Amino acid sequence: MSKRRALITGITGQDGSYLADFLLEQGYEVIGMVRRTSTINFARIHHIQDKITLVSGDLLDQGSILAILQEYKPQEIYNLAAQSFVPASWKQPVFTGEVTALGVTRMLEGIRTVNPEIRFYQASSSEMFGKVQEVPQKESTPFYPRSPYGVAKVYGHWITVNYRESYDLFACSGILFNHESPRRGLEFVTRKITYNVAKIKLGLSQQLALGNLDSKRDWGFAGDYVRAMWLMLQQDSPDDYVVGTGETHSVEELCETAFSYLGLDWHDYVIQDPRFMRPAEVDLLVSDPGKARRVLGWEPDVSFTELIQMMVDADLATLKKEHNL
Ligand code: NDP
Ligand code: GDR
């Protein structure tokens, strides 16, 4: 039997790289869509570059999407590409809408016209719950997004549901809560903290400036979450699922966990800087992942403390190597 073929958009990002690792292990042929940049940014997929096929395309460009679907004929598409950094969405709201919202429609239109049998995964987000209307949040919890990013993701979610209901596409929306890893971008709060804890421990830095320390998030490990994406596309019928750990922690607890792991007291190093506060905040997110557990049989393997320690360890190792320490 020939290999199943999957297309991943956003393969150069955190989740795209873990999903590519996972699908290769499952025996898939992996096609990754990458946008043109003046310098190559393949660090997260460097270790598998000879096992995957990279093709040039952009969620802003309908023609490039159609050409990829026609040429590579994937059976599954994982749409992970997005402008994914929440603060940037206030600075570039229109661009965020073009990529993170309308980009989903461009991909769905491609599927509808080229091959409606393709199974589709949309990377939806707990940011859609925003100012939460219910605790914990589940699939039926009403959305109340608090950033242009959250608003764009609500559009992406509903257009996915709409194409499923209008054209009978196998289209799923995975409402994923925050997930992190040593491959997380440096601007997100987990990695910003673990990277700076490692720098402080090694004497390479003295201070860490953060924004709101009170907000609470349901943080899990990205490697666990890509398994849930795949499971959604292996079911008999398409549906939407909340994926998270069911636990919540504040940014302050995150500081405590990361600093104390290396024997440091976070109070000695962390300062608050208004530059990192947001115009509107999401105060509390915590998932009810019951449906994913029941229907998909999905559970996370890595705990909050294990995740933060794994990230601190990885940052320490990288910095030691970089600085010959
Ligand atoms: P990253 O920011 O790490 O990766 C985003 C990816 O999208 C990158 O590969 C980026 O390419 C690509 N991209 C951005 N714009 C375009 C475009 N116009 N055309 C094609 N590709 C583009 O995000 P994550 O891996 O963390 O997240 C993956 C997806 O899941 C995103 O949609 C995110 O919004 C969503 N999500 C993430 C969660 C998390 O906690 N990580 C939780 C819930 C949802 P390049 O490398 O060139 O910039
Ligand atoms: P989030 O992640 O906005 O939840 O979106 P992020 O790590 O950026 O922020 C989490 C919380 O930490 C607070 N915070 C800070 N955040 C950043 N980035 N930098 C700081 O210095 C800082 N100080 C405090 C924030 O205010 C916030 O409350 C992520 C992204 O991956 C989205 O794409 C995804 O959809 C959601 O997770 C689920």
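**Exercise 1. A salt bridge across the chain**

Arg 164 and Asp 240 are both buried in this structure, which is a predicted model. State how the side chains of Arg 164 and Asp 240 meet, and where in the chain the two residues lie.

*Solution.* The side chains of Arg 164 and Asp 240 form a salt bridge, with a nitrogen-to-oxygen distance of 2.9 Å. To place the pair, take each residue in turn: Arg 164 belongs to helix α5 (residues 148-167), while Asp 240 belongs to strand β11 (residues 240-243), so that the salt bridge links distant parts of the chain, 76 residues apart.

**Exercise 2. Two further salt bridges**

Determine, for the salt bridges Glu 109–Arg 112 and Arg 184–Glu 180, whether the partners are buried or partly exposed.

*Solution.* Begin with Glu 109 and Arg 112, whose side chains meet at 2.8 Å from N to O. These two residues are three places apart in helix α4, which means that about one helical turn separates them. For burial, a residue counts as buried under 20% relative accessible area and as exposed over 50%, with partly exposed in between. Glu 109 has a relative accessible area of 22% and is therefore partly exposed, and Arg 112, at 31%, is partly exposed as well.

Turn next to Arg 184 and Glu 180, whose closest N and O atoms are 2.7 Å apart. Arg 184 has a relative accessible area of 13% and is therefore buried; Glu 180, with a value of 1%, is likewise buried. A separate group of salt bridges, which share partners, joins Glu 127, Arg 217 and Glu 281 into one network. The count of salt bridges in the model comes to 15.

**Exercise 3. The contact between the domains**

Describe the division of the protein chain into domains, and then characterise the contact between domain 1 and domain 2 by its residues, its buried area and its polar interactions.

*Solution.* First, set out the domains: domain 1 comprises 5-179 + 219-243, and domain 2 comprises 185-217 + 248-283 + 303-322. Their centres, taken over C-alpha atoms, are separated by 27 Å. The contact draws 13 residues from domain 1 and 18 residues from domain 2.

Second, consider the area. The size of an interface is often expressed as the accessible area that is lost when the parts come together. Between domain 1 and domain 2 this buried area is about 1,500 Å², with carbon and sulfur atoms giving 68% of it. On the side of domain 1, Phe 85, Arg 146 and Trp 219 supply 51% of the area buried against domain 2, more than any other three residues.

Third, count the polar interactions. There is one salt bridge between domain 1 and domain 2, and the count of residue pairs in polar contact, with both residues at pLDDT 80 or more, is also one.

Fourth, ask which elements build the side of domain 1 that touches domain 2: those giving two or more residues are α3 (86-91) and β10 (220-221). Of the elements, α3 gives the most to this side, with three residues. Sorted by class, the side of domain 1 that touches domain 2 has six nonpolar, four polar and three charged residues.

**Exercise 4. Three buried residues and their surroundings**

For Thr 105, Val 251 and Val 30, name the element in which each residue lies, and list the residues that each one touches, leaving aside those up to four places away in sequence.

*Solution.* Thr 105 is placed in helix α4 (residues 93-114). With 13% relative accessibility, Thr 105 counts as buried, and the residues it touches are Tyr 155, Ile 159 and Tyr 163.

Val 251 is found in helix α8 (residues 251-261) and is buried, its relative accessible area being 4%. The contacts of Val 251 are with Val 189, Ile 193, Asn 212, Leu 213, Ser 215 and Trp 219. In addition, the C-alpha atoms of Val 251 and Gly 211 lie 9.3 Å apart, although 40 residues separate the two along the chain.

Val 30 lies in strand β2 (residues 29-34) and is buried, with a relative accessible area of 1%. Around Val 30, the touched residues are Ala 6, Ile 8, Ile 11, Ala 20, Leu 23, Leu 24, Ile 52 and Thr 53. From C-alpha to C-alpha, Val 30 and Lys 51 are 7.9 Å apart in space, while in sequence they are 21 residues apart.

Terms used:
Residues are numbered from 1 along each chain as its sequence is written. Chains are lettered from A and ligands numbered from 1 in the order in which they are written. This is a predicted model: local features need pLDDT of at least 70, side-chain atom pairs count only at pLDDT 80 or more; totals for chains, interfaces and linings use all residues. Side-chain values use heavy atoms; hydrogens and water are left out. Domain bounds come from an automatic or database domain assignment. Contact means heavy atoms within 4.5 Å. Buried area is the accessible area (1.4 Å probe) that two parts lose on being put together, summed over both. A salt bridge is a side-chain nitrogen of Lys or Arg within 4 Å of a carboxyl oxygen of Asp or Glu. A polar contact is a pair of N or O atoms within 3.5 Å; within protein, one must be able to donate a hydrogen and the other to accept it, and residues adjacent in sequence count only if both atoms are side-chain atoms. Ala, Val, Leu, Ile, Met, Phe, Trp, Tyr, Cys and Pro count as nonpolar, Asp, Glu, Lys and Arg as charged, and the others, Gly among them, as polar. Buried means under 20% relative accessible area, exposed over 50%, partly exposed in between (1.4 Å probe, protein chains only).
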